[in-house]
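Work through the exercises below with the structure open. Try each task before you read its solution.

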Amino acid sequence: MTSIVRAPDFDQPGLAWFNVAAPLSLAALRGKLVILDFWTFCCINCMHILPSLRRVEEAFPDEVVVIGVHSPKFAAERETANVAAAIARYGIVHPVIHDPDFRLWREYAVRAWPTLIFVSPDGRVVGQHSGEPDPDRLLEAVGSTLAQWRDEGLMRPGILASTPLIVPSGRLRFPGKIKPAPGTEKRWILADAGHHQIALLDDGGAEIARYGSGEAGLVDGAAGTAQFNGPQGLIADERAIFVADTGNHALRRIDRESGAVTTLAGTGRRGLALGAPAPALATALASPWDLELADGLLYFADAGTHQLGSFDRAAGTVARLAGSGAEALVDGREEEAALAQPSGLALTPDGRNLYIADSETSALRVLRLGGQPRVETLIGTGLFDFGHVNGALGQARLQHPLGIAWWAGRIAVADSYNGAIRSVDPAAGTVSDLDDGLLCTDSVCLPLAEPAGIAADGAHRLLVVDTNNHRVVEYDVAARTSRSWAE
């Protein structure tokens with residue numbers, strides 16, 4: 001790398017820092033390679049490069065410093081508390097600057113999320129990369145550049161002291177989706193993403209079983225030794241629990257009788273856009289986020305390629321269900337339509353309509369499965385259009401919804417970044433807030449904090465996964481009450 005321009009300093013007043021005791025400056029980091037990671041916590045591509053950056057940090061701990069520069073897209077991402085929760089949820093331990101007014105973004109001439117800026121040991125910008133880098137090439141490029149700088153005597157090795165955020169320990173840690181587990185007794189399955197486990201709960205919220213060792217990894221086997229990595233989505237039938245193992249880019253199966261875990265699809269690496277049917281275990285997926293079941297098919301939201309996929313259990317293949325792979329809001333036939341980080345799925349009982357929480361467009365969309373499949377938009381207008389507006393579908397606005405459930409003719413939406421539960425009536429063409437006026441019966445009542453999952457139980461009961469509060473909340477709509485159900 002050749003030095004180009006002097007890097008603007010990031011030690012500026014008014015910026016919040018995380019994971020360090022005090023703000024850092026270019027002068028303090030002289031003699032090290034600094035990698036600035038411009039990101040926003042909603043962005044799936046930003047999540048994808050975190051493991052690559054971790055590899056670099058671990059390979060060169062005394063010569064490389066990664067600093068995240070959080071540049072928010074959504075209104076909720078401007079809130080410092082939400083940024084802190086995201087840092088803890090993603091396990092980020094390097095320093096992070098929160099830059100809600102895009103000061104550093106403009107000074108470094110950044111144009112897209114994610115963007116990596118490389119700053120040399122003498123404080124000059126020597127490279128830039130927008131989008132997801134190839135993990136192996138990134139590590140190789142950093143290694144060869146450091147070797148050159150060592151020969152030139154530019155490096156001053158030394159470990160940077162850090163103070164990572166601490167998340168209170170509890171039974172749940174940043175849980176994702178919740179779904180019913182069919183059987184003779186009422187049971188619920190919960191993706192306990194922060195613990196890398198799946199929990200089986202009774203109807204009172206008490207724990208019956210856990211699957212996964214609690215360590216992040218991609219390991220099949222017995223319930224207590226198998227490993228998941230940040231699972232977000234799931235679905236069950238009477239014989240098995242199917243898991244969207246998000247961090248592993250894989251689909252997994254848990255046998256409900258034995259507890260044994262097997263991998264159904266994915267290679268453990270981030271994949272490219274889905275297409276024609278291909279062998280499931282040889283096809284790389286990209287952050288599957290939610291699941292639905294229908295007649296031998298497992299539908300999945302492949303958030304990282306902005307598509308819906310299907311896994312054919314009999315054939316052992318995966319294929320595109322809908323979405324061209326472009327990140328946008330475009331309706332039309334399944335191969336022409338464009339989605340943007342689909343994160344929640346809800347199939348109607350007749351199997352004809354698959355509703356989609358299309359998070360990056362803050363949209364509620366539907367895939368009509370009868371005849372010629374077609375994607376339609378009920379709420380939402382584009383990648384940068386969001387808000388908290390009720391009323392007619394065409395005027396309503398959401399903010400980065402993550403969870404949805406079919407609910408007695410309506411769709412219940414976990415409107416994550418608005419911290420609200422919305423009720424959508426497709427027949428009437430209206431949207432309303434469901435949680436307005438509900439009486440909380442807990443001794444200490446908390447507002448919802450980025451709810452990511454929701455499940456319906458009849459016409460009057462909802463279970464809502466309150467992710468950043470590490471709990472599940474029960475809504476009794478008939479009684480107009482809410483309470484913590486599992487935490």
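Two exercises follow, on a predicted model.

**Exercise 1. The sheet**

Find the strand order of the open sheet of 4 strands, and say which strands stand at the edges.

Solution.
- Step 1. Read the order across the sheet: β12-β13-β14-β15. The pairing is antiparallel.
- Step 2. Look for strands with a single partner. These are β12 (233-236) and β15 (261-265), so each has one side without a neighbour in the sheet.
- Step 3. Check the twist. From one strand to the next, the average is 25°.
- Step 4. Zoom in on one pair. β14 (residues 250-255) and β15 are antiparallel partners over 4 bridges. Within this pairing, L251 has A265 of β15 as its bridge partner.

**Exercise 2. The cysteines**

Decide which cysteines form a disulfide, and explain why C42 does not bond to C43.

Solution.
- Step 1. Search the whole structure. The search gives 1 disulfide.
- Step 2. Name the pair. C440 and C445 are joined, with 2.2 Å between their sulfur atoms. The cut-off is 2.5 Å, so this pair counts.
- Step 3. Find the handedness. The torsion about the S-S bond of C440 and C445 is about -95°, so the disulfide is left-handed.
- Step 4. Check exposure. C440 is partly exposed at 24% relative accessible area. C445 is partly exposed too, at 41%.
- Step 5. Turn to C42. Its closest cysteine sulfur is in C43, 6.1 Å away, which is too far for a bond.
- Step 6. Apply the 20% limit for buried residues. C42 is at 1%, so C42 is buried. C43 is at 8%, so C43 is buried.

Definitions and conventions:
Residues numbered from 1 in each chain as written. Predicted model: local features only at pLDDT ≥ 70, side-chain atom pairs only at ≥ 80, totals over all residues. Heavy atoms only, no water. Pairing = 2+ DSSP bridges. Helix = DSSP H or I, 4+ residues; strand = E, 2+ residues; numbered from the N terminus. Axes fitted to C-alpha atoms, helices over the stretch in contact; angles between N-to-C directions. Buried < 20%, exposed > 50% of the residue type's maximum accessible area, 1.4 Å probe, protein only.
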